[in-house]
Amino acid sequence: MKKVLVVDDEENIRLLYREELEDEGYEVVVAGNAKEALEAFHSTDFDVITLDIKMPDMDGIELLRIIKEEKKEIPVILCSAYGRYKQDFRIWASDAYVVKSADLDELKLTIRQVLAA
Ligand SMILES: [Mg+2]
């Protein structure tokens, strides 16, 4: 079973992603902030990470940098309510970028694509 780490500071998003991705057959671990995310990242081998950009303390872009520095082969999908980060050079290290939506079809498709790559 492929393991997904979902990082988002909003609990309702974590619940939604967990439920929908478990329905897709993934094992899902959630983290509500960068500290929790790094703890999970250091203790488990994930197949893919979805990363919220806007979070208090450390944002997803900084977390992306740390994750890729330590393990550049792990696919990271950045998720944001905004499209504007698409032009931000700091996201280039990510493997994909998904604009958040209540409909998770694009996210699910993107996860399948990065896992197949
Ligand atoms: Mg957020």
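I will walk through the sheet of this structure, then the helices that lie on it, and finally the nonpolar core. Please keep in mind throughout that we are looking at a predicted model.

Let me begin with the sheet, which is open and has five strands in the order S2-S1-S3-S4-S5, paired in parallel. At its edges are strand S2, residues 27-31, and strand S5, residues 96-99, each of which pairs on one side only. From one strand to the next, the twist averages 20°.

If you look at strand S1, residues 3-7, you will find that four bridges join it to strand S3, residues 48-52, and that these two strands run parallel. Within this pairing, Leu 5 of the chain stands opposite Ile 49 in S3.

Now to the helices. Helix H1, residues 11-23, lies across S1, S2 and S3, and runs at about 170° to S2. Helix H4, residues 105-116, also packs on the sheet, where it touches S1, S3, strand S4 (76-80) and S5, and its direction makes about 170° with that of S5.

Which residues touch the most other members of the largest nonpolar core? Of the 30 residues in that core, they are Val 4, Leu 5, Val 7, Ile 49, Leu 51 and Ile 77. The elements that give two or more residues to this core are S1, H1, S2, helix H2 (34-43), S3, helix H3 (60-70), S4 and H4.

I will close with Val 4, which, if we leave aside its neighbours within four places in sequence, is in contact with Leu 21, Tyr 26, Val 28, Phe 46, Asp 47, Val 48, Thr 50 and Ile 111.

Notes
Residues are numbered from 1 along each chain as its sequence is written. This is a predicted model: local features need pLDDT of at least 70, side-chain atom pairs count only at pLDDT 80 or more; totals for chains, interfaces and linings use all residues. Two strands pair if DSSP finds at least two bridges between them. Axes are lines fitted to C-alpha atoms, for helices over the stretch in contact, and angles run from 0 to 180 degrees between N-to-C directions. Two residues are in contact if their C-beta atoms, placed from the backbone, lie within 7 Å. A nonpolar core is a set of buried Ala, Val, Leu, Ile, Met, Phe, Trp, Tyr and Cys residues joined through C-beta atoms within 7 Å. A residue is buried if 20 or more other C-beta atoms lie within 10 Å of its own, exposed if 12 or fewer, and partly exposed in between; C-beta atoms are placed from the backbone.
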